[in-house]
Each structure stands twice: as structure tokens, then as C-alpha cells.
Amino acid sequence: MNILIINGPNINMLGIREKDIYGGKTYKDMCDLLYKSAKEMGICTVIVQNNIEGEIINYIQGAYGKYDGIIINPGAYTHYSIAIYDALKAIDIPAVEVHISNIQVREEFRRKSVTAGACIGQICGFGIYGYIMAMLALKNILE
């Protein structure tokens with residue numbers, strides 16, 4: 001089983017930005033944990049991050065025919081990127097949207113996800129462990 005984890009803008013700044021919201025673990029800490037967890041689950045995973053919307057779309061399109069599932073944290077693009085939504089809809093790969101913070105208790109503009117509608121589910125508010133929950137969900141669905 002091959003899963004692509006796509007992280008959007010500013011996720012690379014974990015451990016630096018708003019620690020009260022995103023926690024103190026760095027992006028490297030998170031990636032190390034996710035690679036270790038994936039290996040324990042028997043999942044091959046690749047983790048990518050980009051701050052540019054078009055590059056995120058390229059990752060999604062490039063997943064076609066290579067990956068069995070996608071975990072995506074679109075960052076701020078969650079709230080307005082119809083282009084990412086369209087890219088997810090264009091491929092026949094189940095995707096799970098993940099957010100480190102609980103977007104439902106944050107600012108009003110963060111409560112709406114336009115990209116979640118192209119995913120099989122959304123996990124938010126469990127910190128970086130939400131990614132592990134998404135891996136378990138995809139593993140369950142794909143097996």
C-alpha cells in the first residue's frame with residue numbers, strides 16, 4: 001500500500017509558528033513520526049510539502065497510477081482552493097483531509113473547507129496524530 005501525504009503552506013513551519021495552536025513538534029519531528037508509524041502499519045509513504053498551490057496540484061495529479069491513497073493538509077488553501085478540489089476530484093484515489101488544529105473552533109473563515117468535499121473524510125483537532133488516524137482509515141478502506 002502506497003500513500004502520499006501532501007502538506008500545504010506553512011506546515012513546514014511547525015515548531016516555530018503559533019505553538020499554542022500547532023504544538024511544539026517540528027515538521028521534521030512530524031515526518032519522522034509519520035514514516036515510523038507508516039512502516040509499523042506496513043504502508044509505504046512519501047511526504048511532500050509546498051507553499052505553492054500549483055505545485056500541490058502537481059503532486060495530486062502525479063499521484064494518479066502511483067498511490068493507493070492520499071492524505072492532504074491543504075493549509076490555508078482549504079478555505080478557497082477550488083483548483084485543489086478539482087484536482088482531487090479528477091483522480092480516482094481516496095483522499096483524507098487532515099488539519100492539526102480543530103478548524104471548527106477557530107476563526108469563522110477557517111470553519112469552511114472547500115477541499116473536504118473531494119475527500120472521503122476529514123480529521124481535525126488531534127494534532128499531528130490526525131495524520132496517523134488518516135493512515136489507519138485509508139488502510140482500513142483499502143484493505
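## Helix pairs and chosen residues: worked exercises

Helices α2 and α5 cross in a right-handed sense. That crossing is a friendly place to begin, and the exercises below build outward from there. Keep in mind that the model is predicted.

**Exercise 1.** Work out how the axes of α2 and α5 are arranged and which residues make their contact.

*Solution.*
- Step 1: Locate the two helices. Helix α2 covers residues 27–41, and helix α5 covers residues 129–142.
- Step 2: Look at the axes. They come within 10 Å of each other and cross at roughly 25°.
- Step 3: Name the arrangement. Angles under 35 degrees count as roughly parallel, so α2 is roughly parallel to α5.
- Step 4: Find the residues. From α2 the contact takes Met30, Leu33, Leu34, Ser37, Ala38 and Met41, while α5 supplies Tyr129, Tyr131, Ile132, Met135, Leu136 and Lys139.
- Step 5: Sort them by class. The contact of α2 with α5 has 10 nonpolar residues, one polar and one charged.

**Exercise 2.** Describe the packing of α3 and α4 by angle, distance and residues in contact.

*Solution.*
- Step 1: Recall what is needed. Two packed helices are described by the angle between their axes and by the distance between those axes.
- Step 2: Read off both values. Helix α3 (residues 53–63) packs against helix α4 (residues 82–90) at an angle of about 5°, and their axes are 9 Å apart.
- Step 3: Draw the conclusion. The helices α3 and α4 are therefore roughly parallel to each other.
- Step 4: Name the partners. On the α3 side are Glu53, Ile56, Ile57 and Ile60, and they meet Ala83, Ile84, Ala87 and Leu88 of α4.
- Step 5: Sort by class. The contact of α3 with α4 contains seven nonpolar residues, no polar ones and one charged.

**Exercise 3.** Is Ile56 buried or exposed, and which residues does Ile56 touch?

*Solution.*
- Step 1: Place the residue. Ile56 belongs to helix α3.
- Step 2: Check accessibility. Its relative accessible area is 1%, so Ile56 is buried.
- Step 3: List the contacts. Setting aside neighbours within four places in sequence, Ile56 is in contact with Ile6, Gly8, Pro9, Asn50, Ile72, Tyr77 and Ile84.
- Step 4: Try a distance. Ile70 is 14 residues away along the chain, and the C-alpha atoms of Ile56 and Ile70 are separated by 12 Å.

**Exercise 4.** Find where Asn10 and Asn12 sit, and say how accessible each one is.

*Solution.*
- Step 1: Place Asn10. This residue is in the loop between β1 (2–7) and α1 (19–22).
- Step 2: Place Asn12. Asn12 also lies in the loop between β1 and α1.
- Step 3: Check accessibility. Asn10 counts as partly exposed at 40% relative accessibility, and Asn12 counts as partly exposed at 29%.
- Step 4: Look at the backbone. Most residues other than glycine have a negative phi. Asn10, although not a glycine, has a positive phi of about 70°.
- Step 5: Look at contacts. Beyond neighbours within four places in sequence, Asn12 is in contact with Tyr27, Gln49 and Asn51.

**Exercise 5.** Is Gly24 buried or exposed, and is Ala118 buried or exposed?

*Solution.*
- Step 1: Place both residues. Gly24 is in the loop between α1 and α2, and Ala118 is in the loop between β4 (95–99) and β5 (121–124).
- Step 2: Check Gly24. With a relative accessible area of 55%, Gly24 is exposed.
- Step 3: Check Ala118. With a relative accessible area of 14%, Ala118 is buried.
- Step 4: Compare contacts, leaving out neighbours within four places in sequence. Gly24 is in contact with Gly15 and Lys19, whereas Ala118 is in contact with Tyr85, Leu88 and Lys89.

**Exercise 6.** Put together a picture of the whole protein from its secondary structure, radius of gyration and buried residues.

*Solution.*
- Step 1: Take stock of the elements. The protein has five helices and five strands, and along the sequence they follow the pattern β-α-α-β-α-β-α-β-β-α.
- Step 2: Test for a compact globule. For 143 residues, such a globule would have a radius of gyration near 15 Å, and the 14 Å of the protein agrees with this.
- Step 3: Add the box. Along the principal axes, the C-alpha atoms fill roughly 35 × 35 × 25 Å.
- Step 4: Add burial. Of the 143 residues, 50% are buried.
- Step 5: Add the contacts. Among contacts between residues at least 6 apart in sequence, 74% join residues at least 24 apart.

Key
Residues numbered from 1 in each chain as written. Predicted model: local features only at pLDDT ≥ 70, side-chain atom pairs only at ≥ 80, totals over all residues. Heavy atoms only, no water. Axes fitted to C-alpha atoms, helices over the stretch in contact; angles between N-to-C directions. Helix = DSSP H or I, 4+ residues; strand = E, 2+ residues; numbered from the N terminus. Parallel < 35°, antiparallel > 145°, perpendicular 65-115°, else oblique. Left-handed = near helix turned anticlockwise from the far one by under 90°. Contact = heavy atoms within 4.5 Å. Nonpolar A, V, L, I, M, F, W, Y, C, P; charged D, E, K, R; others polar. Rg over C-alpha atoms; globule rule 2.2 N^0.38 Å. Buried < 20%, exposed > 50% of the residue type's maximum accessible area, 1.4 Å probe, protein only.
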